[in-house]
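Student: I want the reasoning behind the labels, not just the labels. Can we go through them one by one?

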Amino acid sequence: MPHVRGEAAVLVEPGRLEVAEVAFREPAEGEVLVRNTIAAICGSDVHRVRAESPFFRDMRDHPYPCPAGYPGHEGVGEVVESRSARFSPGDLVLTVPNHAYMASFARYQTIADRFLLPVKGTGAPTVQLMAQQLGTVVFALKRFWPEPVPQGSTAAVVGVGSAGLLFQQLLKHRGFEKVVAVDLEPGRLAVARSLGADATVHVPGQSAEEVVMEATGGKGADLVVEAAGTDGAREHAMRMVGQHGRLGFFGMPEDYDMRIPYAHLFVRQAQLITAVGGAQLEPGLPSFRTALELIGDGSIRVDDHITHTFDIKNIADAFDLAHNRQDDVVKIALTFG
């Protein structure tokens, strides 16, 4: 078919997204063309777009101006053209691209079939969309705590935006008896309580370490997950971990270096584990398949995660809100008119 055209966000320079009508590449063998129904902004997208630290300025996947739709990587849409034996026009799909195919901030995207999963035609697209982020959380928890959870274990989540709320629920689902939620925003902590957090900490007014120590009888958390992507969150996490506990750093680095309270971690003999990426590289995308199942059977609630929706024309405003975290924002979706 001839190249289709449609609106797309283009990252033209650090911090500046412009919306333009562009032509989209026809699929090659093993690829499909997807008409996006809805996309979402990930915290890592905000870092990539704003490029405020040397780390993110150096970690560019593309020269400016970046390809249309970059760095969007959470999307649900309909296949409109296929050169894949696995997908046909009309199929509804969840897109879980790697860096080469990040293009969800556009009306269409061309993507390899290995980064797609079929979704049912029933249910709200906003709910199906959350399986992308949940898949990365499932993958991370395989690294943070792969074995069965001992009875009476306590976990803490630092940063309860969308990813943190998913961690909180998944930790409970996996068998952690208590989960403590820590955040800067009262609105997000209210959502955390509604989703079963056993205790919440509003920093900096409260001490996260003191609340966790009280909740654990002075032992500290068995697992602390950092899900905010900031050095401040990681510093809180390192102070909360208990003896022989584990630290799971999920967020992307804020810069090349950060302060580590090594003596504190040494005394507690804590283990530090990172899981920034890799779910898209698992053969068969098992973490994302598990995410779709957990959402489908109601084990993980996602209906209250997307709090704001913007048309693609207003993506700059959407990114400003995602960065400023005002108006009790948790997660932002983008639609395409």
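Tutor: What follows takes strands, a cavity and salt bridges in turn, in a model that is predicted.

Student: Why are β9 and β10 called paired strands?

Tutor: Pairing takes at least two bridges between the strands. Strand β9 (residues 178-183) and strand β10 (residues 199-202) are joined by four bridges, so they pair. They run parallel. Within this arrangement, D183 stands opposite H202 in β10.

Student: What makes a β-α-β unit with β9 and β10?

Tutor: Helix α5 (residues 186-194) joins β9 and β10 in that unit, which is right-handed. Right-handed means that, with the strands pointing away from the viewer, the path from the first strand over the helix to the second runs clockwise.

Student: How many cavities of 30 Å³ or more does a search of the whole structure find?

Tutor: One. The largest cavity holds about 60 Å³ of space. Its lining includes L11, R48, F56, R60 and Y70.

Student: What makes residues of that lining count as nonpolar or charged?

Tutor: Residue type decides. Arg counts as charged, while Leu, Phe and Tyr count as nonpolar. The lining of the largest cavity has seven nonpolar residues, two charged and no polar ones.

Student: Why is the contact between E31 and R25 called a salt bridge?

Tutor: The cut-off is 4 Å between a side-chain nitrogen of Lys or Arg and a carboxyl oxygen of Asp or Glu. The closest N and O atoms of E31 and R25 are 2.8 Å apart, so the pair qualifies.

Student: Are E31 and R25 buried or exposed?

Tutor: Buried means under 20% relative accessible area, and exposed means over 50%. E31 has 7%, so E31 is buried. R25 has 42%, so R25 is partly exposed.

Student: How do you know that R325 and E185 form a salt bridge?

Tutor: Their N to O distance is 3.8 Å, so the pair falls within 4 Å. R325 lies in the loop between α10 (315-324) and β15 (331-335), and E185 in the loop between β9 and α5, so the bridge ties together parts 140 residues apart in sequence.

Student: What is the case for E209 and R268?

Tutor: Their closest N and O atoms are 3.7 Å apart, so this is a salt bridge too. E209 is in helix α6 (residues 208-215) and R268 in helix α8 (residues 262-268), 59 residues apart. R268 has 14% relative accessibility, so R268 counts as buried. E209, with 28%, is partly exposed.

Student: How many salt bridges does the structure hold?

Tutor: It holds 21.

Technical notes:
Residues numbered from 1 in each chain as written. Predicted model: local features only at pLDDT ≥ 70, side-chain atom pairs only at ≥ 80, totals over all residues. Heavy atoms only, no water. Helix = DSSP H or I, 4+ residues; strand = E, 2+ residues; numbered from the N terminus. 1 Å grid on protein atoms, 1.4 Å probe; cavity = no way out; pocket = protein on both sides within 12 Å on 5 of 7 lines; lining within 4 Å. Points joined across faces, edges and corners; volume = space filled by probe spheres on them. Buried < 20%, exposed > 50% of the residue type's maximum accessible area, 1.4 Å probe, protein only.
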